[in-house]
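Here is a short report on one protein chain. Please keep the sequence and the structure in view while reading.

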Amino acid sequence: MSSAPFSPAPEATPPRMTDILFKNFKARSIGPAAMGGRVSDIAIDPRNPAVFFVGLSTGGLFKTGDNGVTFDSVFDKQPVQSIGAVAVAPSDSDIVWVGTGEPTDRNSAEWGDGVYRSSDGGSTWQHVGLENSRAMGRVVVHPKSPETAYVAVLGNL
């Protein structure tokens, strides 16, 4: 046994953080960072299963056209981001209905403000009613009349 004191190896100097290291980074949304992030509903285009919508409980609505390889956020311009239910019309897949407000009762759930409809596959949205509702549990589109949807509503009307 040696009685010489132990000497740890000298620590390496960490690299300096300079602007050049971050020059190519671009800020982008990757979804909610809080208790959210739950998928509340998925709606598949009945005519093209590679196209589908994913509604997030507290993070908006996303659409893919390549079977989930990439997603685009399609609901960012609306005043709420809590999605409860999504449905693609079986007779016209350009018509998409969204019920806002997550129906799960939990401390991170957000209220919605009604029902929205898109007639161009999710590019633009129109608020179509039930603005005093808090949550939507389900949206079912009439099989032959895409302008008619049945909505399961929770909360005040």
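Which residues of the largest nonpolar core touch the most other members? They are Phe53, Leu61, Phe75, Val86, Val98 and Trp125, in a core of 13 residues. The model is a predicted one.

## The two cores

Two strands, β5 (83-88) and β6 (96-100), each supply at least two residues of the largest core. β5 gives the most, with three residues. There is also a second, separate core. This one has nine residues, including Ala87, Ile95, Trp97 and Val141.

In soluble globular proteins, nonpolar side chains tend to be buried together.

What does Phe53 touch beyond its neighbours within four places in sequence? Its contacts include Leu61 and Val86. Both of those are also among the residues that touch the most other members of the largest core. Further contacts of Phe53 are Asp41, Ile42, Ala43, Phe62, Lys63 and Val74. Val88, Val96, Gly121 and Gly122 complete the list.

## Overall layout

The chain holds one helix and ten strands. In sequence order the pattern is α-β-β-β-β-β-β-β-β-β-β. The helix thus stands ahead of the strands in that pattern.

The chain has 157 residues, and 35% of them count as buried. About 10,200 Å² is exposed, with carbon and sulfur atoms supplying 54% of that area. How far apart in sequence are the residues that meet? Among contacts between residues at least 6 apart, 40% join residues at least 24 apart.

## The open sheet

Four strands make up an open sheet, in the order β1-β2-β3-β4. Their pairing is antiparallel. Which strands lie at the edges? They are β1 (39-44) and β4, each of which pairs on one side only.

Strand β2 (residues 52-56) and β3 run antiparallel and are joined by five bridges. Phe52 stands opposite Thr64 in β3. Gly60 is also found in strand β3. Its relative accessibility is 0%, so Gly60 counts as buried. Beyond residues up to four places away in sequence, Gly60 touches Val54, Gly55, Gln81 and Ile83. From Gly60 to Lys77 the C-alpha to C-alpha distance is 9.9 Å, and the two are 17 residues apart in sequence.

## Aromatic pairs

How many aromatic pairs does a search of the whole structure find? It finds three. In one of them, the ring centres of Phe75 and Tyr116 lie 5.2 Å apart. The planes stand at 80°, so this pair is edge-to-face. Phe75 is in the loop between β4 and β5, and Tyr116 is in strand β7 (residues 115-118), so the pair ties together parts 41 residues apart in sequence. Phe75 is buried at a relative accessible area of 0%. Tyr116 is buried too, at 2%.

Phe75 also pairs with Trp125, again edge-to-face. Here the distance is 5.3 Å centre to centre, with 75° between the planes. Trp125 lies in the loop between β7 and β8, 50 residues from Phe75. Phe75 and Trp125 are both buried. Ring pairs thus link Phe75, Tyr116 and Trp125 into a cluster. Phe75 and Trp125 also appear among the residues with the most contacts to other members of the largest core.

## Charges over rings

Two arginines lie over tryptophan rings. Arg117 is over the face of Trp97, 6.0 Å from the ring centre. Trp97 is one of the residues of the second core. The charged end of Arg134 sits over the ring of Trp111, 4.0 Å from its centre.

## Positive phi in two loops

Most residues other than glycine have a negative phi. Which value does phi take at Asn67? Phi of Asn67 is near 60°, a positive value in a residue other than glycine. Asn67 is in the loop between β3 (60-64) and β4 (72-73). Its relative accessible area is 54%, so Asn67 is exposed.

Leu130 also has a positive phi, near 60°. The place of Leu130 is the loop between β8 (126-129) and β9 (135-141). Is Leu130 exposed or partly exposed? With a relative accessible area of 35%, Leu130 is partly exposed.

Technical notes: Residues are numbered from 1 along each chain as its sequence is written. This is a predicted model: local features need pLDDT of at least 70, side-chain atom pairs count only at pLDDT 80 or more; totals for chains, interfaces and linings use all residues. Side-chain values use heavy atoms; hydrogens and water are left out. A nonpolar core is a set of buried Ala, Val, Leu, Ile, Met, Phe, Trp, Tyr and Cys residues joined through side-chain atoms within 4.5 Å. Buried means under 20% relative accessible area, exposed over 50%, partly exposed in between (1.4 Å probe, protein chains only). Contact means heavy atoms within 4.5 Å. Accessible areas come from the Shrake-Rupley method with a 1.4 Å probe; for residues, only the protein chains shown count as cover. Two strands pair if DSSP finds at least two bridges between them. Rings of Phe, Tyr and Trp (its six-membered ring) pair if their centres lie within 6.5 Å; planes under 30 degrees apart count as stacked, over 60 as edge-to-face and the rest as tilted. A charge sits over a ring if NZ of Lys or CZ of Arg is within 6 Å of the ring centre and within 35 degrees of the ring normal.
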